[in-house]
Amino acid sequence: MAVTDAAIDKIKHMILSGELAPGARLPKEADLAERLGLSRNSLREAVRALALINVLDVRQGDGTYVTSLEPRLLLDTMSFVLDLHRDDTVLQFFEVRRILEPAATAMATELMSDADIEDLRVILESLPATPTIEELVANDLEFHARIAQGSGNAVLCSFIESLSGPTTRARIWRGLTQEGAMEKTREQHTAIYEAIAARQADVARSWATVHVAGVESWLRKALA
């Protein structure tokens, strides 16, 4: 593993130095191994590891390329890690969401175009009058994802989207067990939308905090 780690570091240095730019094709395996002073086996292991985390793209019959290195692509692997969370850590995910989502909502209030805000309204109104739990949660995920995208920060958006998965089951559980959960979710989503539409960043941030904190507070009591 130490040899493979060294190989990974050498390829990483080539990328950080700009020698290998996003989209660039790596030299042929034999040439690169000789140049870096590595065995071809160590180089293959390093390439395989970097491909798993979306740094490299191995194209059969074509070669190996550096990916776009966009935050969404690189942070996509975090979703896999977060999917392995234990149920007793779900509150910690809500705590992080309570920090990040209000900030993203305030940013989106200032940056979303009128067309983006109109799309947000359409998402809200697409929810049936008496939705199923699955419809409610799906609408909730789409609503918050669209706001995160509206923040204009790809890193922040990727973090928020990655955190959505581990908290989905808790939101379903709440919808099934807490009286008035559906109505409360709809009302809070509407309040967030109206604040964004009015370009009131502080109000939008506050409603986003209330919204996430409400589910977190319910979950704390449910797990007590």
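The questions and answers below go through salt bridges, helices, a hairpin and a surface patch in this predicted model.

User: How many salt bridges does the model have by the distance rule?
Analyst: The rule asks for a side-chain nitrogen of Lys or Arg within 4 Å of a carboxyl oxygen of Asp or Glu. Glu-101 and Arg-97 make one such pair. The count comes to 15 salt bridges.

User: Are Glu-101 and Arg-97, which form a salt bridge, buried or exposed?
Analyst: Their side chains meet at 2.7 Å, N to O. Buried means under 20% relative accessible area. Glu-101 has 6%, and Arg-97 has 3%. Because each value is under that cut-off, Glu-101 and Arg-97 both count as buried.

User: How many residues apart are Glu-101 and Arg-97 in helix α5?
Analyst: An α-helix has 3.6 residues a turn, so residues three or four places apart point the same way. Glu-101 and Arg-97 both lie in α5, residues 90-111, and their separation is about one turn. The spacing is four residues.

User: At which residue does α5 bend?
Analyst: Helix α5 has 22 residues. From its first C-alpha to its last it reaches 31 Å, close to the 32 Å expected at 1.5 Å a residue. The axis still bends, by about 25°. The bend is at Arg-97.

User: Which charged residues of α5 are among the buried ones?
Analyst: The buried residues of α5 include Val-90, Leu-91, Phe-93 and Phe-94. Pro-102, Ala-104 and Thr-105 are also among them. The charged ones in that list are Arg-97 and Glu-101.

User: What is the closest N and O distance between Glu-118 and Arg-121?
Analyst: Glu-118 and Arg-121 sit in helix α6, residues 114-125, three residues apart, or about one helical turn. Glu-118 is partly exposed at 34%, and Arg-121 is partly exposed at 23%. The two form a salt bridge, with the closest N and O atoms apart by 2.2 Å.

User: Which residues are linked with Glu-95 in a network of salt bridges?
Analyst: Glu-95 is part of a network rather than a lone pair. The linked residues carry both charges, Glu and Arg. The partners of Glu-95 in the network are Arg-98, Glu-216 and Arg-220.

User: Which residue is the bridge partner of Val-58 in β2?
Analyst: Strand β1 covers residues 56-59, and strand β2 covers 63-66. Four bridges join them, and they run antiparallel. Val-58 pairs across with Thr-64.

User: Which residue in the hairpin of β1 and β2 takes a positive phi?
Analyst: Three residues lie between the strands. One of the hairpin residues has a phi near 80°. That residue is Gly-61.

User: What is the N to O distance of the salt bridge between Arg-59 and Asp-62?
Analyst: Arg-59 is partly exposed, at 37% relative accessible area. Asp-62 is also partly exposed, at 32%. Their side chains meet in a salt bridge at 4.0 Å.

User: What is the area of the nonpolar surface patch made by Val-203, Trp-207 and Val-210?
Analyst: Patch residues need over 30% relative accessible area. Trp-207 has 35%, so this residue passes the cut-off. Trp-207 lies in helix α10, residues 201-223. Together with Val-203 and Val-210, Trp-207 makes a patch of about 230 Å².

User: How far apart in space are Trp-207 and Ala-191?
Analyst: In sequence, Trp-207 and Ala-191 are 16 residues apart. Trp-207 has its place in helix α10. C-alpha to C-alpha, the distance between Trp-207 and Ala-191 is 6.7 Å.

Methods:
Residues are numbered from 1 along each chain as its sequence is written. This is a predicted model: local features need pLDDT of at least 70, side-chain atom pairs count only at pLDDT 80 or more; totals for chains, interfaces and linings use all residues. Side-chain values use heavy atoms; hydrogens and water are left out. Buried means under 20% relative accessible area, exposed over 50%, partly exposed in between (1.4 Å probe, protein chains only). Helices (H or I, at least four residues) and strands (E, at least two) are DSSP runs, numbered from the N terminus. Patches are made of residues with over 30% relative accessible area and no salt bridge: like charges are joined within 9 Å, nonpolar side chains (Val, Leu, Ile, Met, Phe, Trp, Tyr) within 5 Å. Accessible areas come from the Shrake-Rupley method with a 1.4 Å probe; for residues, only the protein chains shown count as cover. The expected span of a helix is 1.5 Å times one less than its number of residues. The bend at a residue is the angle between axes fitted to the seven residues ending there and the seven starting there. Two strands pair if DSSP finds at least two bridges between them.
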